[in-house]
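Good morning, and thank you for joining. I would ask everyone to look at the sequence and the structure on the screen while I speak.

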Amino acid sequence: MGSPVVPVAPSRGRLRPLGLDEVRVTGGFWARRRHVNATVSLDHCRDWMERVGWLGNFGSAVEARRGREFADSDVYKLLEAMSWDGEYDVPSPLVEAIASFQEPDGYLNTAFGRPGQQPRYSDLAWGHELYCYGHLIQAGVAQIRARGEGELAKVARRAADHVCATFGPGGIEGVCGHPEIETALVELARATGEQRYLDQAALFVDRRGHGTLADPEFGRAYYQDDLPVRQATVLRGHAVRALYLAAGAVDVAVETGDEELLAAVVRQWERTVARRTYLTGGMGSHHRDESFGDDYVLPPDRAYSETCASVASVMLSWRLLLATGEPRFADLAERTLFNVVATSPSDDGRAFFYANTLHRRRRGTLPPADAESPRAESSLRAPWFAVSCCPTNVARTLALLPGYLATADDRGLQLHQYADAEITTGGIALRVGTDYPSHGRVTVRIDRTPDHPWTLSLRIPAWAQGDTALLTDPDGARRAVHPGTAEITRHFRPGDEIRLDLPVSPRWIAPDPRIDAVRGTVAVQRGPLVYCAESVDLPGGRDVDVVRVDPSVEPADGPDDTVVAPGELAAPGAPHDAPWPYGPVDPAAPPAGERSGIVLVPYHSWANRGPSTMRVWLPTTDPRGRS
């Protein structure tokens with residue numbers, strides 16, 4: 001087919017991504033989820049789009065159009081997911097309907113431009129026309145790379161040509177209120193070799209931040225129109241918009257050799273991770289505008305942590321990893337994949353979280369199975385939302401996930417994420433065997449190798465800091481390795497085995513004291529997985545507000561991937577029945593409650609056993625209390 005089967009194909013950079021034709025996930029954590037995605041979730045999303053009328057918009061009368069102004073984008077994300085999944089047939093009738101709906105000049109949108117609708121590009125701030133093109137183009141790129149250039153790719157190219165003609169030099173000097181077109185155009189340039197697509201993406205990135213959009217009620221930072229990308233020091237505003245823009249800026253920087261632009265995005269990523277990111281890797285702490293909060297404003301019970309923002313975070317981290325080769329970017333991608341992306345879909349693949357709270361105070365109610373749920377307001381996973389960007393974003397991410405596992409360079413091959421997999425590239429064939437993240441052993445068996453020395457690199461996750469990870473080479477020699485990258489360079493032979501033992505065990509995590517909302521609490525992490533207390537595991541039907549843990553004693557592994565944390569359950573009725581909830585501190589007050597081993601479960605699994613209360617950050621058994 002010519003193009004690598006990868007979601008991101010930079011022409012330069014530190015590392016070369018391996019594609020879906022080079023990496024096959026064969027078992028374990030991600031294989032189970034990808035199987036459910038391919039056999040259930042893709043059809044689930046398609047059926048719901050047909051039920052709510054979004055598929056029918058391509059060809060419907062104006063008055064019959066259904067869904068929000070950006071509903072087209074979710075159709076395109078679904079088509080992208082189908083294109084990446086080699087076992088799924090992309091529905092030809094739908095592609096034909098989209099192609100027939102496209103205007104002769106390449107314009108394509110079901111919400112604008114027809115008689116009875118607003119004119120084209122009359123609402124760049126909120127209309128999402130360019131945003132929808134972005135997802136259309138990404139679906140077209142997926143088709144080019146995974147299946148060869150078909151009708152969907154032709155539609156995408158006509159749309160991209162229209163964008164360049166309309167918004168290029170001498171055209172409309174504007175940007176979209178929701179970034180997305182930037183990274184799509186760069187990827188289309190990479191797939192087709194057409195320079196004009198890259199030039200247009202660079203133009204959009206440089207135009208951002210100069211006040212060209214209408215001033216919104218949330219302020220210009222909401223859609224990153226307050227500062228040029230090169231001047232910003234942190235990601236701010238609407239989290240998905242900010243992360244998509246940053247991903248597009250990295251793409252432009254890499255293809256144009258713009259080190260200043262790349263450094264600006266790295267600087268923004270660093271401060272955002274250090275001050276505006278949840279323990280789960282989730283981003284965005286404001287419900288009202290789906291945005292980042294100020295530094296250290298990370299309330300667990302009001303965590304928005306939109307699933308789409310986490311997908312975008314993984315996209316950004318992957319691009320930065322390819323550009324720099326630095327494992328810290330793969331560390332964040334791992335945390336986000338396991339604790340947000342994997343959390344959104346239910347075990348059966350038929351319901352999703354839009355927002356991902358870290359503390360549920362009330363037991364949820366099951367949403368109706370046959371109706372759309374309000375965006376982010378479902379207290380349990382919902383089958384569909386009035387704004388359903390997240391289910392389709394999860395679907396495409398799981399479909400292309402093998403493309404995030406490994407890379408190559410002139411020296412050899414690098415493993416960044418651990419899963420049962422078969423990898424074949426450049427004369428190298430190897431198998432990865434692991435039960436990660438349940439257990440920390442990763443075995444790499446060499447099946448085929450070039451007849452010269454090369455380097456196998458393995459990421460040692462940042463969460464292993466302070467413990468000993470061990471790397472065993474084919475000769476049986478063992479050595480301690482530390483967070484970062486461990487390398488073995490040698491003349492490998494078929495049958496050689498390399499073993500990495502990571503210290504997967506539960507440990508207490510303390511928050512930065514500047515995060516006011518969780519001061520005085522602790523959390524538990526085991527390997528890359530964040531854990532939580534869920535009310536279904538507490539005796540007597542009690543809720544998680546009675547849980548206190550004792551961080552002076554280490555948590556321990558329990559059965560079936562659970563963790564047992566030492567602690568107590570507050571005595572029933574106290575202090576909740578007091579007439580006033582405040583009082584002086586009594587330093588001598590003993591802890592009051594029932595000693596217990598608190599069962600904790602992986603955060604990604606919560607709410608799969610019915611309505612429950614839940615919390616990640618747990619109060620401690622500090623004896624000081626009210627007198």
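I will go from the overall chain to its two open sheets, then to one helix and to a few individual residues.

Please keep in mind throughout that this is a predicted model. The chain contains 12 helices and 24 strands. For 627 residues, a compact globule would be expected to have a radius of gyration near 25 Å, and the chain, at 25 Å, agrees with that. The C-alpha trace spans about 80 × 70 × 45 Å along the principal axes. Of the 627 residues, 62% are buried. If we take the contacts with a separation of 6 or more, 69% of them are made by residues 24 or more positions apart. The exposed area of the chain is about 23400 Å², and carbon and sulfur atoms supply 49% of that area.

Let us turn to the sheet of 7 strands. It is open, its pairing is antiparallel, and its strand order is 2-6-7-8-13-10-11. Which strands stand at the edges? They are strand 2, residues 23-27, and strand 11, residues 478-481; each has a single partner strand, so one side of each lacks a neighbour in the sheet. On average, and ignoring direction, neighbouring strands here are turned by 20° against each other.

Within this sheet, strand 6 (residues 420-425) and strand 7 (residues 428-434) run antiparallel and are joined by 5 bridges. In that pairing, isoleucine 423 is opposite leucine 430 of strand 7. Helix 1, residues 28-52, packs on the sheet, where it touches strand 2 and strand 6; the helix direction makes about 95° with that of strand 2.

Further along the order we reach strand 13. Strand 8 (residues 441-448) is joined to strand 13 (residues 497-501) by 5 bridges, and the two run antiparallel. Strand 10, residues 469-472, also runs antiparallel to strand 13, with 3 bridges between them. One residue of strand 13 appears in both pairings: aspartate 501 is the bridge partner of arginine 441, and leucine 470 stands opposite aspartate 501 as well.

The loop that leads into strand 8 deserves a remark. Proline 437 is placed in the loop between strand 7 and strand 8. The peptide bond joining tyrosine 436 and proline 437 is cis, with omega of about 10°.

The other open sheet has 5 strands in the order 1-4-5-9-12, and its pairing is mixed. Strand 1 (16-17) and strand 12 (484-490) are the edge strands, each pairing on one side only. Strand 5, residues 412-415, and strand 9, residues 454-460, run parallel and share 4 bridges. Glutamine 414 has serine 457 in strand 9 as its bridge partner. Helix 11, residues 327-341, packs on this sheet and touches strand 9 and strand 12; its direction makes about 50° with that of strand 9.

Next, helix 8. It covers residues 239-256, which is 18 residues, and reaches 26 Å from its first C-alpha to its last, close to the 26 Å expected at 1.5 Å a residue. Is helix 8 largely enclosed or largely open? It is largely enclosed by the rest of the structure, because 17 of its 18 residues are buried. Glycine 257, just after helix 8, takes a positive phi of about 70°.

That brings me to backbone geometry. Most residues other than glycine have a negative phi, and most peptide bonds are trans. Glutamate 290, although not a glycine, has a positive phi of about 55°. Its position is in the loop between helix 9 (259-275) and helix 10 (307-324). Aspartate 560 likewise has a positive phi, near 55°, and is not a glycine; this residue is in the loop between strand 18 (556-557) and strand 19 (563-570). Their surroundings can be stated briefly: glutamate 290 is at 8% relative accessibility and therefore counts as buried, whereas aspartate 560 is at 73% and therefore counts as exposed.

My last residue is proline 602, found in strand 21, residues 593-602. At 8% relative accessibility, proline 602 counts as buried. Which residues does proline 602 touch, not counting those up to four places away in sequence? They are Leu529, Val530, Tyr531, Cys532 and Asp561. From proline 602 to threonine 455 the C-alpha to C-alpha separation is 34 Å, and in sequence the two are 147 residues apart.

Thank you for your attention; I am glad to take questions.

Terms used
Residues numbered from 1 in each chain as written. Predicted model: local features only at pLDDT ≥ 70, side-chain atom pairs only at ≥ 80, totals over all residues. Heavy atoms only, no water. Pairing = 2+ DSSP bridges. Contact = heavy atoms within 4.5 Å. Axes fitted to C-alpha atoms, helices over the stretch in contact; angles between N-to-C directions. Rg over C-alpha atoms; globule rule 2.2 N^0.38 Å. Buried < 20%, exposed > 50% of the residue type's maximum accessible area, 1.4 Å probe, protein only. Areas by Shrake-Rupley, 256 points an atom, 1.4 Å probe, with all protein chains shown as cover. Expected span 1.5 Å × (residues − 1).
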